[in-house]
Amino acid sequence: MSIISASLDDRLDPVIYATTQIFLSAAVLGFTAPTSFFRHAVVPVLFACAYSFLIYARVNIPSPYAAILSSLMWCFFLNYMSMSILSSWSFEAKGPASQLVAKAKKDDDSKPRDEAAKVEKTGSAWERICFGIKSIFSFRDCGTPFEVKNVPPFIYNDPKFVPSAPAFVLRSAVTAIICYLAVDFIESQPPPPNAAQIFSLDKVSVLKRIGEITPQEALTRIAISSGFWVVLSSFLMGASSLVNIVCVILGLSKVEECKSLVGPMSEAYTVRGFWG
């Protein structure tokens, strides 16, 4: 029994570290002021959680998913640094602290300062923790005045178009199914019979062996590299579609906040378009 419980505990380690990092980040964002000492004090703890998740994920999560999820935890950490320290987001401002200053100036013209301060400090604990979680998970701030540039619209011919919730859920479900089938098809393909020879250590460097590479090796490398990017983009698109479905159905997010994670593949012929 002790061996079984120890195994279960090991498998839960990544979940524990991820939960601690996300909720601690959300709590600090939702409950502290932009100038609070705690915003800097928790940075080593959040860094330790992200690093520990990386270490334990390598053992307890399959390789492709461990790499993706570990990268996501570092994205959460960097997003916290950006929002909490660099941009000074706060619950009162519902965005960067500079917005609170602008709002205070407007309030000075319309109502007494004491009354404005009371309004700014309102908000239940639930509202504050929800604000923190939503902020940590929002890397692009879709549907807000702070939306980052070049976020793909729902329809390129009409950038302001927002579909209805049922239409969005149906579209996201179809996307998730297609992405799953694409990943399943590529992952089920057997490796090339001479994989050990093609990817041996002495053949890692490609540029130094331009004259030695055979057409078969070149085609194999191109196919495997292309398959990797298709799997990665399909996994990210499928996972984000499932999250969007759940959030929209449960009312946690509005449709305009759930824009596509990546742009069209037709734009990937340039370096900027590829990473976009």
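This report covers the overall make-up of a predicted model and the packing of helix 8 against helix 10.

## Basis

The model is predicted, with local features requiring pLDDT of at least 70 and side-chain atom pairs counted only at pLDDT 80 or more, while totals for chains, interfaces and linings use all residues. Residues are numbered from 1 along each chain as its sequence is written, and side-chain values use heavy atoms, leaving out hydrogens and water.

## Chain

There are 11 helices and two strands in the chain (DSSP runs numbered from the N terminus: H or I of at least four residues, E of at least two). Their order from the N terminus is α-α-α-α-β-β-α-α-α-α-α-α-α.

Of the 276 residues, 33% are buried (under 20% relative accessible area, 1.4 Å probe, protein chains only). Among contacts (heavy atoms within 4.5 Å) with a separation of 6 or more, 67% join residues 24 or more positions apart. The exposed surface of the chain is about 17900 Å², with 68% supplied by carbon and sulfur atoms (Shrake-Rupley method, 1.4 Å probe).

## Helix 8

Helix 8 covers residues 165-187, 23 in number, and spans 32 Å from first C-alpha to last, close to the expected 33 Å (1.5 Å times one less than the number of residues). Its buried residues are F168, V169, S172, A176, C179 and V183. An α-helix has 3.6 residues a turn, so residues three or four places apart point the same way.

## Packing on helix 10

The buried residues of helix 8 pack against helix 10 (215-249). The two axes (lines fitted to C-alpha atoms over the stretch in contact, with angles from 0 to 180 degrees between N-to-C directions) come within 8 Å and cross at roughly 150°. Helix 8 is therefore roughly antiparallel to helix 10 (angles over 145 degrees).

Note on methods:
Buried means under 20% relative accessible area, exposed over 50%, partly exposed in between (1.4 Å probe, protein chains only). Angles under 35 degrees count as roughly parallel, over 145 as roughly antiparallel, 65 to 115 as roughly perpendicular and the rest as oblique.
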